Amino acid sequence: MGKRYLIIAVLVLAFVLPFNTIEWKSGRAEVLAETRIEFYNYTYIVHERALLVNKVGRVVREYVYVSIPRNTSRVYCRVLKVEPEPLRFETDEEGNVFALIFVEVKPEEELWINLTYTIRVSGYKVYFEKDRALWPPLEIARIYTDDSIYWNIDNETLRNLAYKVAYSDNPLETAEKIAKWVQDNLMYEITRGRKGSDHAIVKRGLGLAVRGDCVEVADTYVTMARVLGLPARTVFGFLLTTHEEKHWLNTSLQEGMNLLTHWGGHMWVQVYVPPWGWIDVEMLEDLSRPKIGDFTNLHVPFGVEGKTFYGSGLLEFIIPSYLELEYIEFDFKRGE
Amino acid sequence: MEKKIFLTLVLLLLCIPIFSIKVKGQELWYALNFELHFNADGTVIVRQKLHPFTAEGESWFGKPEIEEDIKAEEDIHVMFALLLFTSDPKRVKYEVISHVYRDDEEYVLCDVYGVREMVQFKGAYIIEVLIYLNTTDFVERLEDNTFRVRIRDSFTSSDPRSWIDVIEIKLDPQVKLMAYSWEPKTAKKPSEVSETRILWVNYNEPEAPNVYILDLYIPGLKLPERVVGYRVEIVDVKIRYRGVAVTVKQLGKPGYFFVRLVGEKLDITRKIYLEENEQKTVYIPAPLEGQEEVKVEVWYEDYLLDLETLDLVEKDSETTPSPIASKPFVVTSILVVVIVLSVIPVYGIKRMREKTSAVRSESRVK
């Protein structure tokens with residue numbers, strides 16, 4: 001009787017457990033297949049104006065280049081008004097969009113450039129299944145791990161640093177480690193001129209630190225990521241503190257840190273990690289932890305830099321030649 | 001009109017807020033006239049003629065401080081010459097055949113006032129750079145010795161308001177112009193075209209091409225099939241949990257290399273830095289399910305250095321079972337053992353009881 005019970009029990013197990021195993025495996029596969037992403041869309045209406053002044057002493061006839069937020073899978077911009085009327089919209093070598101405006105301004109005269117556009121930003125949070133992270137395809141690696149005037153991957157100090165603090169077999173881990181190191185070793189100060197990572201990295205005590213503002217933070221990150229084969233690029237635009245606020249800059253003032261109270265021009269980083277694609281990396285929004293794939297809709301991206309040696313000239317938003325840009329303002333409000 | 005580089009004495013860029021600030025001070029511009037001479041041997045000489053002027057149109061040619069600045073910034077001008085033909089100047093072989101010098105008899109043209117009339121500035125700072133086209137990345141072979149050469153306006157590329165005012169392309173008699181075009185199409189066509197010369201006169205940036213495209217027969221241009229000096233060999237390839245471990249050895253110059261896995265719908269690349277004679281193992285996580293074979297490649301820039309094919313069907317038996325695969329087996333075994341162990345005592349007690357009751361019934365019979 002007992003022998004029979006034993007045999008039956010073993011037979012049942014022999015049949016049932018393999019089925020359980022198959023179910024368990026496929027259940028696991030499903031989890032892997034659906035990394036969760038939550039989106040937080042927000043639409044702004046932006047009124048932008050810029051004051052150009054002719055201080056040259058002759059009539060100035062020139063083209064002014066006005067940066068417009070480029071459309072991506074997470075950003076949708078619709079231009080409602082541009083004054084003076086642009087000749088056309090174009091893209092630069094990076095694919096960033098600008099309006100081309102011809103102006104004629106007499107000596108000592110002023111000219112206002114006015115734009116209105118809506119921009120829908122998809123904030124998002126990715127709940128990563130870290131094991132799914134992959135390194136990039138060759139073509140992406142070739143383009144986005146190359147060096148540039150700001151990202152010198154042959155700098156031995158940065159190369160050694162990157163290998164020491166952030167080498168990993170998992171690209172997401174590499175992304176996190178670099179961000180953590182940069183954040184932990186930041187000497188924040190507003191910087192004049194773009195120094196590039198070679199000059200952003202400085203000695204501090206026995207170690208190294210990043211000195212500068214968001215641009216130096218981003219440039220150092222991109223260089224370290226590229227050294228380790230993680231495709232990276234910079235994004236320029238704004239970081240707001242609330243959904244409705246006005247940002248302005250008077251170019252004749254030299255305000256130091258006070259500037260941050262009314263100007264949120266910002267640069268951050270994106271890394272390319274299949275299967276998710278480009279993921280935003282933010283190191284300055286929350287100084288207690290870097291945010292990777294956790295992108296608030298308080299960011300308003302305008303364009304990216306990643307393919308060209310000199311980056312994008314459109315970082316400056318409004319680009320005249322002989323005319324002088326005296327004042328620029330972005331008024332962000334809730335849009336429909 | 002102008003533009004071009006706007007370098008100068010006192011221009012400052014504020015960066016946190018990404019923005020340029022012009023501080024009071026003199027701002028200078030350069031008129032830029034370029035001559036590109038394509039030689040039959042596959043080189044090109046870039047002759048840059050620069051003339052500095054103020055926004056009012058006043059020439060600053062000959063001012064000692066300007067001359068000093070231009071000489072001090074020669075590297076930047078060389079860089080702009082290289083960037084006509086490449087995105088990666090470090091890869092380009094070149095020679096500076098004339099360092100910055102002053103030529104009082106040269107003329108440089110520029111539409112300073114935006115009225116579609118060229119101002120003719122007298123005098124130029126000149127720098128000449130010889131570039132080996134076979135080390136650039138904007139050259140593509142069309143057939144035999146015919147090549148498509150893309151010349152990118154390196155000034156527009158770095159600053160949308162800048163452009164080359166005049167670009168004159170000259171060809172050796174043995175070099176033949178097969179075709180030409182430009183991008184974007186909204187830009188203006190060349191002012192003059194002959195068998196050995198093309199001239200673009202650009203009054204403003206929107207009219208200036210961003211890219212000048214020439215199809216040229218160049219008898220002496222040989223594009224390299226192998227890169228010189230960089231050698232990396234694949235020493236070992238092993239399948240490891242959810243990926244492949246590739247051991248490579250550096251046998252040439254140090255540098256960055258790409259180690260790539262290629263299979264069906266699979267293209268995964270890790271970039272590594274190898275010192276001289278260094279051997280390194282790099283692990284590439286990869287979903288190998290469903291792959292019968294994958295190729296392991298090592299690249300230096302555009303050059304394939306080594307290649308190995310990994311047969312996954314054969315290797316299957318050598319593969320260390322992954323925790324996912326092995327866990328159910330372990331769990332099953334443990335459960336079987338536990339059940340057997342728990343059943344044995346029950347079975348034993350039952351047997352003992354049966355024995356006892358047999359004895360008892362025996363006695364009763366007795």
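## A walk through chains A and B

Leaving aside neighbours within four places in sequence, Ile126(B) is in contact with Arg47(B), Gln48(B), Lys49(B), His99(B), Val100(B), Tyr101(B), Asp103(B) and Glu106(B). Keep in mind as you look around that this is a predicted model. Ile126(B) sits in strand β6 of chain B, which covers residues 119-132. Is Ile126(B) buried or exposed? With a relative accessible area of 0%, Ile126(B) counts as buried, because buried means under 20%. You can also compare sequence with space here: Ser98(B) is 28 residues away from Ile126(B) along the chain, yet their C-alpha atoms are 7.9 Å apart.

Now step back to chain B as a whole. Its secondary structure comes to 5 helices and 20 strands. Of the 366 residues in chain B, 49% are buried. If you take the contacts in chain B between residues at least 6 apart in sequence, 64% of them join residues at least 24 apart. On the outside, chain B exposes about 17,500 Å², and carbon and sulfur atoms supply 53% of that area.

How confident is the predictor about chain B? The mean pLDDT of chain B is 84, and 78% of its residues reach 70 or more. Two stretches deserve some care. Over residues 1-25 of chain B, pLDDT stays under 50, and the model has 124 contacts beyond four places in sequence for this stretch. Residues 356-366 of chain B also have a pLDDT below 50, but this stretch has 0 contacts beyond near neighbours in sequence. Where pLDDT is low, the predicted coordinates should not be read in detail.

Another residue to find is Thr86(B), in the loop between α2 (74-82) and β5 (94-110) of chain B. Although Thr86(B) belongs to a loop, this residue is buried, with a relative accessible area of 1%. Not counting residues up to four places away in sequence, Thr86(B) touches Val92(B), Asp137(B), Phe138(B) and Arg152(B).

Over in chain A, try helix α6, residues 214-227. Its 14 residues should span 20 Å at 1.5 Å a residue, and the C-alpha atoms at its ends are 20 Å apart, so the two values agree. Because 14 of the 14 residues of α6(A) are buried, this helix is largely enclosed by the rest of the structure. At the start of α6(A), a side-chain oxygen of Asp213(A) comes within 3.0 Å of the backbone nitrogen of Val215(A). Just after α6(A), Gly229(A) has a positive phi of about 85 degrees.

Some backbone angles in loops are also worth a look, and the table gathers four of them.

| Where | Backbone feature | Angle |
|---|---|---|
| Glu183(B) to Pro184(B) | cis peptide bond | omega about -5 degrees |
| Glu83(A) to Pro84(A) | cis peptide bond | omega near -10 degrees |
| Arg116(B) | positive phi, not a glycine | about 60 degrees |
| Glu301(B) | positive phi, not a glycine | about 50 degrees |

Pro84(A) is in the loop between β3 (75-83) and β4 (88-91) of chain A, while Pro184(B) is in the loop between β10 (176-183) and β11 (192-193) of chain B. Arg116(B) lies in the loop between β5 and β6 of chain B and is partly exposed, with a relative accessible area of 42%. Glu301(B) belongs to the loop between β19 (293-300) and β20 (303-311) of chain B.

Finally, consider the cysteines. How many disulfides are there over all chains? The count is 0. Two cysteines to look up are Cys77(A), buried with a relative accessible area of 8%, and Cys110(B), buried with a relative accessible area of 0%.

Definitions and conventions:
Residues are numbered from 1 along each chain as its sequence is written. Chains are lettered from A and ligands numbered from 1 in the order in which they are written. This is a predicted model: local features need pLDDT of at least 70, side-chain atom pairs count only at pLDDT 80 or more; totals for chains, interfaces and linings use all residues. Side-chain values use heavy atoms; hydrogens and water are left out. pLDDT is the predictor's confidence in each residue, from 0 to 100. Contact means heavy atoms within 4.5 Å. Helices (H or I, at least four residues) and strands (E, at least two) are DSSP runs, numbered from the N terminus. Buried means under 20% relative accessible area, exposed over 50%, partly exposed in between (1.4 Å probe, protein chains only). Accessible areas come from the Shrake-Rupley method with a 1.4 Å probe; for residues, only the protein chains shown count as cover. The expected span of a helix is 1.5 Å times one less than its number of residues. A polar contact is a pair of N or O atoms within 3.5 Å; within protein, one must be able to donate a hydrogen and the other to accept it, and residues adjacent in sequence count only if both atoms are side-chain atoms. A disulfide is a pair of cysteine sulfur atoms within 2.5 Å.
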